[in-house]
Amino acid sequence: MSDLPSIDLPGLGLLAHAMAAAERGWPVFPLRPGDKRPAGHAERRCPGTGRCTDGHRTPEQRATTDPDLLVAAWTHAPYNIGIATGPSGLLVVDLDTLKDNDEKGTPDGVTSFEALCERAGHAVPLTHRVRTARGGMHLYFTQPDGARLPNSAGRLGRHIDTRGWGGYVVAPGSRTPHGSYEILDGRPPVPLPDWLHTALTTPTTPARTSAPAVLTGKGTRAAEVALERETATVAASPEGGRNAQLLASTRAVGRFVAWGDIPRHVAEQAFQGAGEAAGLTTAECRATIRSALDWSIRTARPRPAAA
């Protein structure tokens, strides 16, 4: 009996994961090995030949559940796996981790989503869950019948994005330099809750109004002036810096809460109105305000030392 040469196919493990996704009816496509970006050429560099003879084919259009095509791809290279969420009938809520440039006390995606659910009066939905390479979380839901929900960024709250039509998520089994994608809950995705569907589809036209005035007698005059000044600053803050301003302003007033000059609920209500007036979501405001006041109360110096 002759010795047969061993065949090293590093993509076989990933092929199994790609097949598992395809068996669920989720079209997949190759991502660059060890990366989250699609393999192949970008539209601006499309040669207009081969599969793109009739026009550039996006990753969403190239995604497939055909076993033969999957075998051909993943025995060619150890590609990571992308799931085309739209053709899969999925809406995936992406709960991201904090970034290096996030200010201390900023809520991560999980915290923001928990606050969103609490505000809406619902428990965090139990559904198919995947841990991301950086330690975030993907919550998989099925899209409502006839719906074509697109991607969104920050609409539901700080560090919360969604992936639907026109988007994709990195599938379990994939790995990047930051870690691997792993299934946390293997149950089938549940239908997207109606209240989340409403939150994603209701037009948002926040009113640019002044923050609510603070009632005289609820705290010392200096504390009230600070609260009025900081909430007005938050309400007028521009897009891109609204959450950072809300965090900073709430912390600035937090010392008065720690000293007992203003009741916590008064400060929370005032900053909630200011944040929403600036265009932040209810859940995002609530999570940021709570975190900022907790930090202020924990770190505030005694009044004599701060004088």
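Student: Why do Arg264 and Glu268 in helix α8 (residues 264-278) lie about one helical turn apart?
Tutor: Helices here are DSSP runs of H or I with at least four residues, strands are runs of E with at least two, and both are numbered from the N terminus. The two residues both belong to α8, and their separation is about one helical turn because their spacing along that helix is four residues.

Student: What kind of model is this, and at what pLDDT do side-chain atom pairs count?
Tutor: Residues are numbered from 1 along each chain as its sequence is written, and side-chain values use heavy atoms, with hydrogens and water left out. This is a predicted model in which local features need pLDDT of at least 70, totals for chains, interfaces and linings use all residues, and side-chain atom pairs count only at pLDDT 80 or more.

Student: What links the side chains of Arg264 and Glu268, and at what N to O distance?
Tutor: Both residues are partly exposed, with relative accessible areas of 26% for Arg264 and 28% for Glu268 (with a 1.4 Å probe and protein chains only, under 20% is buried, over 50% is exposed and the range in between is partly exposed). Their side chains meet in a salt bridge, a term that requires a side-chain nitrogen of Lys or Arg within 4 Å of a carboxyl oxygen of Asp or Glu. The N to O distance for Arg264 and Glu268 is 2.9 Å.

Student: Which residues are joined into one network by salt bridges that share partners?
Tutor: A search of the whole structure finds eight salt bridges. Some of them share partners, and the network that they build joins Glu118, Arg286 and Arg290.

Student: Is Asp185, which forms a salt bridge with Arg187, buried or exposed?
Tutor: The closest N and O atoms of this pair are 2.9 Å apart, and Arg187 counts as partly exposed at 37% relative accessibility. Asp185 has a relative accessible area of 13%, and this value makes the residue buried.

Student: What is the N to O distance in the salt bridge of Glu230 and Arg229?
Tutor: The acidic partner, Glu230, counts as buried at 15% relative accessibility, whereas Arg229, at 47%, counts as partly exposed. Their side chains meet at an N to O distance of 4.0 Å.

Student: How far is the charged end of Arg148 from the centre of the ring that it sits over?
Tutor: A charge sits over a ring if NZ of Lys or CZ of Arg is within 6 Å of the ring centre and within 35 degrees of the ring normal. Arg251 lies over the face of Trp295 at 4.2 Å from the ring centre. For Arg148, the ring is that of Trp165, and the distance to its centre is 3.7 Å.

Student: Which element gives the most residues to the largest nonpolar core?
Tutor: A nonpolar core is a set of buried Ala, Val, Leu, Ile, Met, Phe, Trp, Tyr and Cys residues joined through side-chain atoms within 4.5 Å. The largest one has 29 residues, and those with the most contacts inside it are Val28, Leu70, Trp74, Ile81, Ile83 and Tyr140. At least two of its residues come from each of α1 (12-23), β1, α3 (67-74), β2 (80-84), β3 (90-95) and β8 (168-170). With six residues, the element that gives the most is α1.

Student: How many residues are in the second, separate core?
Tutor: This second core includes Ala223, Ala235, Val253 and Ala274. Its size is 20 residues.

Student: Which residues does Thr106 touch, leaving out those up to four places away in sequence?
Tutor: Thr106 is placed in the loop between β3 and α4 (109-120), and at 8% relative accessibility it counts as buried. With contact taken as heavy atoms within 4.5 Å, the residues that Thr106 touches are Leu98, Arg158, His159, Asn243 and Leu247.

Student: How far apart are the C-alpha atoms of Arg44 and His56?
Tutor: Arg44 is found in the loop between β1 (28-31) and α2 (59-62), and its 72% relative accessibility makes it exposed. His56 is 12 residues away along the chain, and the C-alpha separation is 9.1 Å.

Student: What share of the residues in the protein chain is buried?
Tutor: The secondary structure of the chain comes to 10 helices and 12 strands. Among contacts between residues at least 6 apart in sequence, 76% join residues at least 24 apart. Of the 307 residues in the chain, the buried share is 43%.
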